[in-house]
Amino acid sequence: MSEVTRSLLQRWGASFRRGADFDSWGQLVEAIDEYQILARHLQKEAQAQHNNSEFTEEQKKTIGKIATCLELRSAALQSTQSQEEFKLEDLKKLEPILKNILTYNKEFPFDVQPVPLRRILAPGEEENLEFEEDEEEGGAGAGSPDCFPARVPGTLLPRLPSEPGMTLLTIRIEKIGLKDAGQCIDPYITVSVKDLNGIDLTPVQDTPVASRKEDTYVHFNVDIELQKHVEKLTKGAAIFFEFKHYKPKKRFTSTKCFAFMEMDEIKPGPIVIELYKKPTDFKRKKLQLLTKKPLYLHLHQTLHKE
């Protein structure tokens, strides 16, 4: 076993134990987060195509099945239905299998199959897959397909070169207020700039997953560099912020809500903007506030002019 593989198995084992400990202590939000992070790493390894992997195809299949069980346990922790749940004692049976994956040659103890990596849906696509009656979800609106390639979370772009007389904008996404902030799994924000017809004016950027969750806030503290000089934006353009999170039951990443800034709101300093119900209405025709509660997206703007 190489040092790289040994270190990898140790990290997986430590993550598994952390999740199981949180689970047994009743710290369900923390357990779900830990299970989801580990499941994602296992899924990637199970589907990796690189030739330098020490895992055989059969071992990769077992790794993928363990990821499935982690997803099932996560879903069970969020379910109000008690029947057919994947229990903690079931999950704990998998720890020695993961630890000894290179020598494990028995039949997997549960009838599950590896699942594909998480789907990240295009705007408007998820509405065909889910129907929710939650008081803060649903609503009307029309999404538009992206004109730029789909991006995965954590695709921030560097600041553009400065031009004489032109202004560049840095937006620091500080935090977002949500009543169920602690329940959101792998939350991140997609930032785009659209014209009045909902057409992209710059490449779409995704923040990394949130840095922490605290009370009713999800904290990001990350800078977004607008990929066009402010003076070159068309009249009526707006900057959109879509808050996304992973839904283990449905196995896809969903938009929970969105916010936007119009051009007259671009000015140095802090700003808070209102949250609207999904689906994201890039044309801004049928906007519905997410909640009557005083919950907002907190931003800080910095203008750079040569």
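Which strands form the open sheet, and in what order do they come? Five of them take part, lined up as β5-β6-β2-β11-β9, with antiparallel pairing. Here, strands are DSSP runs of E with at least two residues, helices are runs of H or I with at least four, and both are numbered from the N terminus. Two strands pair if DSSP finds at least two bridges between them.

## Ground rules

This is a predicted model, so local features need pLDDT of at least 70 and side-chain atom pairs count only at pLDDT 80 or more, while totals for chains, interfaces and linings use all residues. Residues are numbered from 1 along each chain as its sequence is written, and side-chain values use heavy atoms, with hydrogens and water left out.

## The chain as a whole

The protein chain comes to five helices and 11 strands. Of its 306 residues, 48% count as buried (under 20% relative accessible area; exposed is over 50%, partly exposed is in between, with a 1.4 Å probe and protein chains only).

Now for contacts, meaning heavy atoms within 4.5 Å. Take those in the protein chain with a separation of 6 or more: 72% of them come from residues 24 or more positions apart. On the surface side, the chain exposes about 15600 Å², and carbon and sulfur atoms supply 51% of that. The areas come from the Shrake-Rupley method with a 1.4 Å probe; for residues, only the protein chains shown count as cover.

## Back to the sheet

β5 (212–214) and β9 (269–274) sit at the edges with a single partner strand each, so one side of each has no neighbour in the sheet. On average, neighbouring strands here are turned by 25° against each other, direction ignored. The axes behind that angle are lines fitted to C-alpha atoms (for helices, over the stretch in contact), and angles run from 0 to 180 degrees between N-to-C directions.

Strand β2 (residues 167–177) is joined to β6 (residues 217–225) by seven bridges and to β11 (residues 296–305) by nine, and both pairs run antiparallel. K175 is a handy place to look: it stands opposite H219 in β6 and opposite H298 in β11. H298 in turn has V272 opposite. Six bridges join β9 to β11, again antiparallel.

## Cysteines

How many disulfides does a search of the whole structure find? Zero, where a disulfide would be a pair of cysteine sulfur atoms within 2.5 Å. For C257, the closest cysteine sulfur is in C184, 8.3 Å away, which is too far for a bond. C257 counts as buried because its relative accessibility is 1%. C69 is buried too, at 0%.

## Two buried side chains to inspect

Is R73 buried or exposed? At 9% relative accessibility, R73 counts as buried. This arginine lies in helix α3 (residues 57–78). Leaving out residues up to four places away in sequence, R73 touches D23, Y35, F86, K87, L88 and L91.

F55 sits in the loop between α2 (28–46) and α3. With a relative accessible area of 6%, F55 is buried as well. Its contacts, again without residues up to four places away, include T5, L8, L9 and W12, along with E45, K60 and I63, and also I101 and L102. For L102 there is a backbone distance to go with the contact: the C-alpha atoms of F55 and L102 are separated by 7.0 Å, although the two residues are 47 apart along the chain.
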